[in-house]
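Q: Could you take a close look at the aromatic pairing in this protein chain for me? I would like to know which rings pair, how they are arranged and where they sit in the fold.

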Amino acid sequence: MADCILTYQSRHPELADKFARHDLFAPEFIRSCLNRLQLGNPQQMIDLADPAKNLKFVGTLENPIAEFRPEAMRHESKEAGT
């Protein structure tokens with residue numbers, strides 16, 4: 001998976017700002033509980049005008065591809081303080 005992501009990113013340098021904003025190689029992610037969301041309102045899972053406000057988050061998940069983070073990204077995140 002990491003190879004596919006890196007290949008795609010290298011083929012689309014014009015999207016670098018989006019790749020940085022949505023870091024697929026982050027060490028962990030916030031866990032979104034989609035089942036809890038559906039149980040809370042089975043008629044309509046999300047508000048289509050503002051889908052993020054309805055998400056339920058609990059804890060974090062380790063990212064299994066974080067170890068494949070490119071060296072350049074490691075240096076950038078250290079410089080940014082993360």
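A: Happy to; here is the pairing, followed by its setting in the chain.

Please keep in mind that this is a predicted model. The count of aromatic pairs comes to 1. Its partners are Tyr 8 and Phe 19, whose ring centres lie 6.2 Å apart. That spacing falls within the 6.5 Å allowed for a pair. The two planes meet at 70°, so the arrangement is edge-to-face, because an angle over 60 degrees is counted that way.

Where do Tyr 8 and Phe 19 sit in the chain? Tyr 8 belongs to helix α1, which covers residues 2-11, while Phe 19 belongs to helix α2, residues 16-21. With their positions 11 residues apart, the pair links distant parts of the chain.

The two partners also have their own surroundings to consider. Phe 19 has a relative accessibility of 18% and therefore counts as buried, the cut-off being under 20%. Tyr 8, at a relative accessible area of 44%, is partly exposed.

Now for the wider setting. The protein chain holds 4 helices and 2 strands, and from the N terminus on they follow the order α-α-β-α-β-α. Of its 82 residues, 18% are buried. The accessible surface is about 6,700 Å², with carbon and sulfur atoms contributing 57% of that area. Finally, taking contacts between residues at least 6 apart in sequence, 61% join residues at least 24 apart.

Notes: Residues numbered from 1 in each chain as written. Predicted model: local features only at pLDDT ≥ 70, side-chain atom pairs only at ≥ 80, totals over all residues. Heavy atoms only, no water. Buried < 20%, exposed > 50% of the residue type's maximum accessible area, 1.4 Å probe, protein only. Contact = heavy atoms within 4.5 Å. Areas by Shrake-Rupley, 256 points an atom, 1.4 Å probe, with all protein chains shown as cover. Phe/Tyr/Trp six-rings, centres within 6.5 Å; stacked < 30°, edge-to-face > 60°.
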